[in-house]
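Student: Could you walk me through this protein chain step by step? I would like to learn how to read a structure like this.

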Amino acid sequence: LAATQPSTNWHLKENAREHHTSKFSSEELTVRRGQAFTITFNGTEKPEQNLIFIAETGPKPSKATKTLATFDISSTVSKEGWSAVLQSTNSSSVSISISSPHNAVIGRYKLSVQIGSSTPTSLGTFVLLFNPWSSGDDVFMPNKAECEEYVLEEFGIIFAGNKNHISSFGWNFSQFQGDILNICLSIMDRSLYYRQDPITDVSHRHDPRYLGRVLSSMVNANDDQGVVLGNWSGKYEDGKNPSSWTGSGEILQSWKKSGFKPVKYGQCWVFAAVLTTVLRCLGIPTRTITNFSSAHDADGNLRVDEFYDADGNHLERGADSVWNFHVWNESWFKRNDLGPSYSGWQVLDATPQEESGGIYQCGPASRYAIKEGEVDLDYDCPFVFAEVNADCMYWNYDSATGKKTLIFSKSTEIGDSISTKAVGRDDRVDVTRDYKYEEGSAKERDIFKKARKKLGLEDKFDPTAPTQEEIEQKPDISGKFKVAGSLEVGKDLNLLLVLENLQSDAKTVNVNMTAWSTLYTRRPVNEIWKDSISVTLAPKEEKQFPIKIKYPEYQQQLTTDKTIQVTALCHVEDGIQVLVKRSITLDNPAIDIQVLGEAKVNKEVVVEVAFTNPINTEVKDCVLQVEGSDLLQGILELRIPPLKASEKSSTKFKLIPSEAGPKHLLVNFSCDKFADIKTFKMVNVIN
């Protein structure tokens, strides 16, 4: 027999088109499981002789762990295992159609052929991914438009701000760019699970449920030198500020370049966006979800406690917290362990908040289980249930005596306006109803009680819980903060404190007010302002008190989250205290992008970015960062000269688009007075 080394034609273009992998930029065949691909190779003198193929993956391939398959030529595709069907032959080469099973282990495979009884010869390597287009796959998604969005779309929109004022920014997932696929494969090989038992770990890689959980732990750096290091201190000097990233590509490339050292720094949306990139890259349909007023219930009692001192300062006591927003992921797959009604969207959360099974990982928690209060089901349902449903207790804490007094409790505060990007459009879709029944409805309270019961909280005496008497006490006055005017960085902040006497006799109220700059997690960072007033309210009277916080007062204190918490603690004579609070997120000034002319594949097109300095002092250290998959390689960074008060800057740069279709350009502008002004523009590229 000829001993020549076979040369393989992988039919990269044709196979990629069939397998929805054309966007990968690799020279290596990348295909999806449960679907046939064609290869042609020569070096076989008599192709009809028995050919045996060997596909193997992982450190010690074996049939027992389904990481090794040997299969010969058959006339039909096997239902169970791998198969090869002869397509055509001529005197020097043979074309074969190879199919993998629907539940094959994903990853990089080595393919060899054995001709007759000779030693096997390597044909090369290929990468096998999940297949949401195939009805036999656990990640099968019947709606094709959803497959396009949740697997193939490289642009996303992440929602942020707070429930009164939802803002959004673009993100470049870039799951098909450059070396990202190889980086995603190496993430799997660096997990604790792999390090402890590589053979078992690889054998589980057919299961999206297993991989989702492993990757939720690998995207954060806790435990395992994962991809991103979290930092919620407000100080990021020795790394990148979490709000300055515009895409996952730079983060994943940095992780690899540094020899797999965690990238500094991330906060929740960074973890969620990087996990989206990794899972979409591997073929698991995934999206980011933002939950407003998100509870972090550290002690598992479905209750979060917040503490305030007599002056109205928010105290950092206890481990519970409520974040203005929190971003996690949903991935789409079957839950064979729980049953058909629990399949579909599954919650995964890569932000390191609480340990699960001894490491910082969270999920997959079935979204249906969360809605139905089935908190005893795998994985981490109690934590996710609390994020959208916990009850809130607000306490006054006296540090001198250690005494705490309940101010009020609220069961409708948590889990508001749960949001994700629409399919095929740059709009927000509200998915709150998929997480819980209508807030305040009898059904929603029943589910809450059911969850408490399953967690054994109903029968257990909790000494830290308020008494029924405390919960039912009725305040004499009500209050709220109203916004008067615009909420913009660089402008004065004008608010109204509105107090109303609910009783038919006059009330005297002493009000202690504070304003603090906070992180989006509501963690107080700097005090900005405080004041106290004493007021008398006639029976049933409503009064308004204007509050003005000038830009110079808050400018130095503001964090890059641009969030201010205002609080008024009202001490009513002979009555119970009333807490009035509001979290305010300021908007950055606008930045404008114009594409000058038509965007065509492989042709230069000029883009202009304009920014007007809105404040009456000079801004300096201005930097413009631009990225966009298929529009430019990597990240473009441009330095811009200082801008005087009210001065407008206009910056032009060139793009050379590499692919046709709707593409997104992301821009991030920073200077000494404004951090991370973000915007994006859809660019329609034509051939």
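Tutor: Happy to help; the questions and answers below go through this predicted model part by part.

Student: Into which domains is the protein chain divided?

Tutor: Let's follow the chain from its start. Domain 1 covers 8–129 and domain 2 covers 144–455. After these come two further stretches, and they are domain 3 (474–585) and domain 4 (591–685).

Student: How much area is buried between domain 1 and domain 2?

Tutor: The C-alpha centres of these two domains lie 38 Å apart, and 21 residues of domain 1 are in contact with 22 residues of domain 2. The size of an interface is often given as the accessible area lost when the parts come together. Carbon and sulfur atoms give 67% of the area buried here, and the total is about 1700 Å².

Student: Which residues of domain 1 lose the most area to domain 2?

Tutor: Here we look at the domain 1 side of the contact with domain 2. Three residues together make up 32% of what that side buries, and they are Lys23, Phe24 and Ile106.

Student: Which residues does UniProt list for "active site", and why can they be said to gather at one spot?

Tutor: The unreviewed UniProt entry lists Cys268, His326 and Asp349 under that heading. They span 82 residues in sequence, yet they gather at one spot because no two of their C-alpha atoms are more than 9.8 Å apart. One of the three, histidine 326, is found in strand 17 (residues 321–333). The names you asked for are Cys268, His326 and Asp349.

Student: Which residues does UniProt list for "binding site"?

Tutor: This list also comes from an unreviewed entry, and it has Asn389, Asp391, Glu439 and Glu444. They span 56 residues in sequence, but no two of their C-alpha atoms are more than 12.3 Å apart, so they gather at one spot. Asparagine 389 lies in helix 10 (residues 381–389). The full answer is therefore Asn389, Asp391, Glu439 and Glu444.

Student: How far apart are the end C-alpha atoms of residues 260–352?

Tutor: In the unreviewed UniProt entry, this span carries the annotation "domain: Transglutaminase-like". The span is 16% helix and 44% strand. Its end C-alpha atoms lie apart by 18 Å.

Student: Where are cis peptide bonds found?

Tutor: Good thing to look for! One cis bond involves tyrosine 265, whose place is in strand 13 (residues 263–266). Another involves proline 364, in the loop between strand 18 (344–348) and strand 19 (365–366). With omega about 0° in each case, the bonds join lysine 264 to tyrosine 265 and glycine 363 to proline 364.

Student: What is the phi of lysine 540?

Tutor: Lysine 540 is found in the loop between strand 27 and strand 28 (542–549). Its phi is positive although lysine 540 is not a glycine. The value is about 60°.

Student: And what is the phi of histidine 11?

Tutor: This residue sits in the loop between strand 1 (8–9) and helix 1 (12–18). Histidine 11 is not a glycine, yet its phi is positive, at about 45°.

Student: Which element gives the most to the lining of the largest pocket?

Tutor: The largest pocket has a volume of about 850 Å³. It is lined by 35 residues, with Asn241, Thr560, Cys671, Ala675 and Asp676 lying nearest its centre. Elements that give two or more residues include strand 27 (524–537) and strand 36 (661–670). With three residues, the element that gives the most is helix 14.

Student: How do the lining residues of that pocket divide by type?

Tutor: Sort each residue of the lining into one of three groups. The result is 11 nonpolar, 14 polar and 10 charged.

Student: Which residues does leucine 496 touch?

Tutor: Leucine 496 lies in strand 25 (residues 493–501). Leaving out residues up to four places away in sequence, it touches Lys480, Phe481, Lys482, Ala484, Gln544, Phe545 and Pro546.

Definitions and conventions
Residues numbered from 1 in each chain as written. Predicted model: local features only at pLDDT ≥ 70, side-chain atom pairs only at ≥ 80, totals over all residues. Heavy atoms only, no water. 1 Å grid on protein atoms, 1.4 Å probe; cavity = no way out; pocket = protein on both sides within 12 Å on 5 of 7 lines; lining within 4 Å. Points joined across faces, edges and corners; volume = space filled by probe spheres on them. Helix = DSSP H or I, 4+ residues; strand = E, 2+ residues; numbered from the N terminus. Nonpolar A, V, L, I, M, F, W, Y, C, P; charged D, E, K, R; others polar. UniProt positions renumbered as here; feature names shortened; annotations may be inferred. Domains from an automatic or database assignment. Contact = heavy atoms within 4.5 Å. Buried area = accessible area lost by both parts, 1.4 Å probe.
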